[in-house]
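Let's take a friendly walk through this model, from the overall fold down to a few residues and the empty spaces between them. Keep the viewer open as you read.

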Amino acid sequence: MSIRKPSSTRKHTALPKAQILIEALPWLTRHHGKTVVIKFGGNAMVDEELKAAFAQDVVFLRHAGLRPVVVHGGGPQISKQLDRLGLESQFRAGLRVTTPETMDVVRMVLAGQVQRELVNLLNQHGPLAVGMTGEDAHIMAATKHLAEVDGEEVDLGRVGRISSVEPGAIEALLDDGRIPVVSSIARSADDDHVYNVNADTAAAALAAALGAETLMVLTDVEGLYADWPHSDDVISELTAAELEKLLPELASGMVPKMEGCLYAVRNGVHTARVLDGRVPHSILLEIFTDEGIGTMVVPDAVPDPRDARETTTPRNAEGPA
C-alpha cells in the first residue's frame, strides 16, 4: 500500500517557539561569556510566582553561557522582623537608621533568611548558587555614610558607603560555573564594624569591579518615566549625561537606582537597565528580545576621530550586525 505525501508543508503549532529562539540567537551570541550583575528587589522579592520566575531566568542565563551575579537587599523583610521584635524602623533621607541592635537584625535577615531562600530557589535547578555577603573574603569595604537632611549632615548609624571592592572570590565562583548570591552587607574599611549598604549601590559597585557587560536593577515601576506624574511614558534609552541632568528631578526612591546605573556605565559597565520586576521573566525579555523592556542607560557617545560625528547605539541595534 502506498502513502501519498501531503502536497504542502504541514503547519506545525510549535513553529512560533522556534521563531522566538531564533530571535534570541544574536543576543545569545553577544552576551555569551559575559558577566551580568542583577539587583534583586521590589515585588519580585516577595511574590512567590515572581520569585520562582526570577530564579528560572537566572539559571537560564547561566545555562545560556552568561555569568550571572545576584545582589540583594531585603527592606520589607527587615522591617517585618524589626516589628516582630518591637524595634522601631526609622528612615532619614530615604535610608534606614541602623543602630547596632538593628544591624544585628539586618545581618540575620539578609544572610540568614533572604539569601538562603534565594539560594534554595536557584538550587532547585541544580547545584549552582553560592550565598555570601560583602564581608566574606573582604569583597566589599565601606565607610560611614552621612546623609544630608535640610542642609545638615545626619549620622545614620551603621549605614555605609562602598569604598572598595575586591571581586576575586566572586570571579573564582563564576569561573567554576557557580551563581554568586551576595547580600548587601560590607565590612568597615577602618574599624571592626559592619555596615548596612544600599543594595542598588552595592550592585553598581560590584558590576564595575567585575567589568560586567550589564547591570540590571529590578524595581516596581516600568522604568524611568519621561514626565512623571504627568505622563507614564517610559524612556527606553538615555546616555549617562542625559541621566545626570534628570537626577535632581527624580523621586527619592528612584535616585539610588539611577545613581547606581550612572556610576556603572561611567566605570566600565557597557549598559545599565532598570526593569519592572512585576513582569514575569522580565530579565529574559530585556536581554533576549529585540524590543526589550524598561530603561537602558548607555555610556556617553565618543566622537569618531575620523569624521567628528557622535554616534549612539539604537536600542534595537545593540546585537551583532
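Accessible areas here come from the Shrake-Rupley method with a 1.4 Å probe, and for residues only the protein chains shown count as cover. On that basis the chain exposes about 16,500 Å², with carbon and sulfur atoms supplying 51% of it. This is a predicted model, where local features need pLDDT of at least 70 and side-chain atom pairs count only at pLDDT 80 or more, while totals for chains, interfaces and linings use all residues. Residues are numbered from 1 along each chain as its sequence is written, and side-chain values use heavy atoms, with hydrogens and water left out.

**Overall fold**

The chain holds 9 helices and 14 strands, taken as DSSP runs numbered from the N terminus (helices: H or I, at least four residues; strands: E, at least two). Of its 321 residues, 46% are buried; buried means under 20% relative accessible area, exposed over 50%, and partly exposed in between (1.4 Å probe, protein chains only). Contact means heavy atoms within 4.5 Å. Among contacts between residues at least 6 apart in sequence, 72% join residues at least 24 apart.

**Strands 1 and 2**

Strand 1 (residues 35-40) pairs with strand 2 in the parallel sense over 6 bridges; pairing requires that DSSP finds at least two bridges between the strands. Thr35 has Arg67 in strand 2 as its bridge partner. Strand 2 (residues 67-72) is mostly covered, with 5 of its 6 residues buried.

How do three residues in this part of the story compare in position and accessibility? Here they are side by side.

| Residue | Location | Relative accessibility |
|---|---|---|
| His72 | strand 2 | 0%, buried |
| His32 | loop between helix 1 (15-31) and strand 1 | 53%, exposed |
| Ser183 | strand 8 (residues 179-183) | 0%, buried |

Leaving aside residues up to four places away in sequence, His72 touches a set that includes Phe40, Met45, Val181 and Ser183. Ser183, with the same kind of neighbours left out, is in contact with His72, and also with Leu110, Ala111, Gln115, Met132, Thr133, Gly134 and Met140. His32, again without neighbours within four places, is in contact with Ala64 and Gly65. His32 and Leu66 lie 34 residues apart in sequence and 5.2 Å apart in space, C-alpha to C-alpha.

**Helix 8**

In helix 8 (residues 255-265), the buried residues are Lys257, Met258, Gly260, Cys261, Leu262, Ala264 and Val265. Their cover includes strand 1, helix 6 (199-210) and strand 13 (271-276).

**Pockets and cavities**

On a 1 Å grid over the protein atoms alone, a cavity is a set of points where a 1.4 Å probe fits but cannot get out; a pocket is an open set with protein on both sides within 12 Å along at least five of seven lines, and lining residues have an atom within 4 Å of a point. Grid points are joined across faces, edges and corners, and a volume is the space filled by probe spheres set on the points.

The largest pocket has a volume of about 1,400 Å³. Its lining has 47 residues, and Gly94, Leu95, Asn198, Asp200 and Pro256 lie nearest its centre.

There are 3 cavities of 30 Å³ or more, and the second largest has a volume of about 60 Å³. Helix 2 (48-63) and helix 9 (282-288) each supply at least two residues of that lining, and helix 2 gives the most, with 4.
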